[in-house]
Amino acid sequence: MTTETECLFCKMVRGEINPQRVYEDEHLLAFRDINPQAPVHILLIPKQHIATLNDLQNKDLAGRLLTQVGTIATQENIAEDGYRTVINCNQNSGQEVFHLHLHILGGRRLNWPPG
Ligand code: AMP
Ligand code: ZN
């Protein structure tokens, strides 16, 4: 278990690490992935430390997270051509950072199905 003190994304929320921010409000933060898998690769996170999708209970926050995606995609100019959202959850998905995050990937044709 990662504590909020140690959590990489909580450090970003607190301003101890400074990613390239693309959106921020009271509840959410979005920033560019450090190892982009597509021309546009953004991570959207709740500011609250929630380890995995299994732990997301707050419907209002869930709504905020999902409804922000289209706005960010529009801002990044990938809304019309299309993009993919991914939330990895636990070991079988390869989740590496245990602070809930939604990947937004776009800017190229993406393969389906994913591996
Ligand atoms: P996941 O495998 O779904 O847990 O994704 C974690 C993502 O966080 C990966 O795509 C990493 O490239 C990304 N990441 C790790 N460290 C940083 C960082 N310091 N700034 C931005 N993105 C990061
Ligand atoms: Zn955290």
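A nonpolar core here is a set of buried Ala, Val, Leu, Ile, Met, Phe, Trp, Tyr and Cys residues joined through side-chain atoms within 4.5 Å. Buried means under 20% relative accessible area, exposed means over 50%, and partly exposed sits in between (1.4 Å probe, protein chains only).

Before you start: this is a predicted model, where local features need pLDDT of at least 70, side-chain atom pairs count only at pLDDT 80 or more, and totals for chains, interfaces and linings use all residues. Residues are numbered from 1 along each chain as its sequence is written, chains are lettered from A and ligands numbered from 1 in the order in which they are written, and side-chain values use heavy atoms, with hydrogens and water left out.

**Exercise 1. Work out the fold pattern and check how compact the chain is.**

Step 1: Count the elements. Helices (H or I, at least four residues) and strands (E, at least two) are DSSP runs, numbered from the N terminus. The protein chain has 2 helices and 5 strands.

Step 2: Put them in order. Along the sequence you get α-β-β-β-α-β-β.

Step 3: Check the compactness. The radius of gyration is 14 Å, close to the 13 Å from the globule rule for 115 residues, so the chain is as compact as a globular protein of that length. That radius is taken over C-alpha atoms, and the rule is 2.2 Å times the number of residues to the power 0.38.

Step 4: Add the dimensions and burial. The C-alpha trace spans about 40 × 30 × 30 Å along its principal axes, and 37% of the 115 residues count as buried.

**Exercise 2. Take apart the largest nonpolar core.**

Step 1: Find the hubs. This core has 16 residues, and Ala30, Ile42, Leu44, Ile72 and Ile104 touch the most other members.

Step 2: Ask which elements supply it. At least two residues each come from strand 2 (28-32), strand 3 (40-46), helix 2 (59-75) and strand 5 (102-106). Helix 2 gives the most, with 5 residues.

Step 3: Zoom in on one hub. Skipping neighbours within four places in sequence, isoleucine 72 is in contact (heavy atoms within 4.5 Å) with Tyr23, Ala30, Ile42, Leu44 and Ile104.

Step 4: Look for a second core. Apart from the largest one lies another, of 9 residues, among them Phe9, Leu29, Phe31 and Val97.

Step 5: Set this in context. In soluble globular proteins, nonpolar side chains tend to be buried together.

**Exercise 3. Place arginine 64 and decide whether it is buried, exposed or partly exposed.**

Step 1: Locate arginine 64. Its place is in helix 2.

Step 2: Apply the cut-offs. Arginine 64 has 32% relative accessibility, so it counts as partly exposed.

Step 3: List the contacts. Not counting residues up to four places away in sequence, arginine 64 touches His27 and Leu28.

**Exercise 4. Hunt down the unusual backbone spots, starting with the cis peptide bond.**

Step 1: Check omega. The bond from tryptophan 112 to proline 113 is cis, with omega near 0°. Proline 113 is found in the segment after strand 5.

Step 2: Scan phi. Asparagine 77 has a positive phi, near 70°, in a residue other than glycine. Asparagine 90 also has a positive value, near 65°.

Step 3: Place both. Asparagine 77 lies in the loop between helix 2 and strand 4 (83-86), while asparagine 90 lies in the loop between strand 4 and strand 5.

Step 4: Classify them. Asparagine 77 has a relative accessible area of 68%, so it is exposed. Asparagine 90, at 32% relative accessibility, counts as partly exposed.
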